[in-house]
Amino acid sequence: MLMPSLYRRLLYLYPAAYRYEYGEEMAGVFQQAHAEVKKEKVLARAGFCARELCGLLLGSVRERVRRLSDSYDWLPGKGGSMEAKFRFPRATLLLMLLSLVGVVLSLEEARVIQTHYGGGSVPPEWPALLWIFGRLLLIALATAAMFWGAFFALRRSGVHRLEELKPWREQK
């Protein structure tokens, strides 16, 4: 019973209006999940409690910042709203990194084989690969920053309200 009461107390970190609207539901969902996890081993319960408390703390900070900025648009992560949005599975990033490591190792193995059996010395590609990867990363970050800036400026200028505009026939 310690965790549900601690969770309820930590809900006061959220703004009052948010707590009024979602607090009881959040506490109820936590109690149901906590009841299900009680049957698990100590390590599983500890992991559950750590995830829930971190989520609660991060959510309260996100909601406080959102209240100050009056928008979820610039916050990292899922966003604070309960909207269903497309997300990659968590394993995607890991699989992409493993694929990259496999390609780089294959290239290095090909260089070693060519050096050993080809008779000529081939300079290592690592510095060139790192330089190219660094450039691509900088270009991607610059492009993302430009798009973010453009979308942020459009949001501030009111262009997003055009989607709420109804044609003359629908207004009647």
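**H34.** I began with H34 and asked whether this residue is buried or exposed. In this predicted model, H34 has a relative accessible area of 12% and is therefore buried, since the cut-off for that label is under 20%. I located H34 in helix 2, and, leaving aside residues up to four places away in sequence, I noted that H34 touches M3, P4 and F48.

**Confidence.** Before going further I looked up how far the prediction trusts itself. The chain averages a pLDDT of 78, and 73% of the residues score at least 70. Helix 2, residues 16-37, has the highest mean confidence, at 88, whereas confidence is lowest in helix 6, residues 168-171, at a mean of 61.

**Overall layout.** I counted six helices and zero strands in the chain, so that I recorded the pattern along the sequence as α-α-α-α-α-α. Buried residues make up 18% of the 172 residues, and the chain exposes about 14,300 Å², of which carbon and sulfur atoms supply 67%. Among contacts with a separation of 6 or more, I found that 44% join residues 24 or more positions apart.

**Core.** Which residues of the largest nonpolar core touch the most other members? I found that this core has 13 residues, and that Y7, L11, Y14, M26 and L56 are the ones with the most such contacts. Helix 1 (2-10), helix 2 and helix 3 (42-69) each supply at least two residues of the core, and the largest share, five residues, comes from helix 2. In soluble globular proteins, nonpolar side chains tend to be buried together.

I then followed Y7 on its own: not counting residues up to four places away in sequence, Y7 touches M26, A27, F30, E52 and L56. Y7 also belongs to one aromatic cluster, together with F30 and F48, and F48 is one of the residues that H34 touches.

**Helix 3.** I checked the length of helix 3 against the expected rise, and the two agree, because 28 residues at 1.5 Å a residue should span 40 Å and the end C-alpha atoms are 40 Å apart. The buried residues of helix 3 that I listed are F48, C49, L53, L56, G59, S60, E63, R66 and S69, and of these L56 appears again among the contacts of Y7.

**Aromatic pairs.** How many aromatic pairs does the count come to? I noted four. A pair of aromatic rings is described by the distance of the centres and the angle of the planes, and I wrote down both values for two of the pairs.

Y14 and Y18 form a stacked pair, at 4.9 Å centre to centre and with 10° between the planes; the label follows because planes under 30 degrees apart count as stacked. Y14 is buried, with a relative accessible area of 5%, and Y18 counts as buried at 10%.

Y18 and Y22 form a tilted pair, at 4.8 Å centre to centre and with 50° between the planes. Both of these tyrosines lie in helix 2, four residues apart, which is about one turn of the helix. Is Y22 buried or partly exposed? I found a relative accessible area of 24%, so Y22 is partly exposed, whereas its partner Y18 is buried.

Note on methods
Residues are numbered from 1 along each chain as its sequence is written. This is a predicted model: local features need pLDDT of at least 70, side-chain atom pairs count only at pLDDT 80 or more; totals for chains, interfaces and linings use all residues. Side-chain values use heavy atoms; hydrogens and water are left out. pLDDT is the predictor's confidence in each residue, from 0 to 100. A nonpolar core is a set of buried Ala, Val, Leu, Ile, Met, Phe, Trp, Tyr and Cys residues joined through side-chain atoms within 4.5 Å. Buried means under 20% relative accessible area, exposed over 50%, partly exposed in between (1.4 Å probe, protein chains only). Contact means heavy atoms within 4.5 Å. The expected span of a helix is 1.5 Å times one less than its number of residues. Rings of Phe, Tyr and Trp (its six-membered ring) pair if their centres lie within 6.5 Å; planes under 30 degrees apart count as stacked, over 60 as edge-to-face and the rest as tilted. Accessible areas come from the Shrake-Rupley method with a 1.4 Å probe; for residues, only the protein chains shown count as cover.
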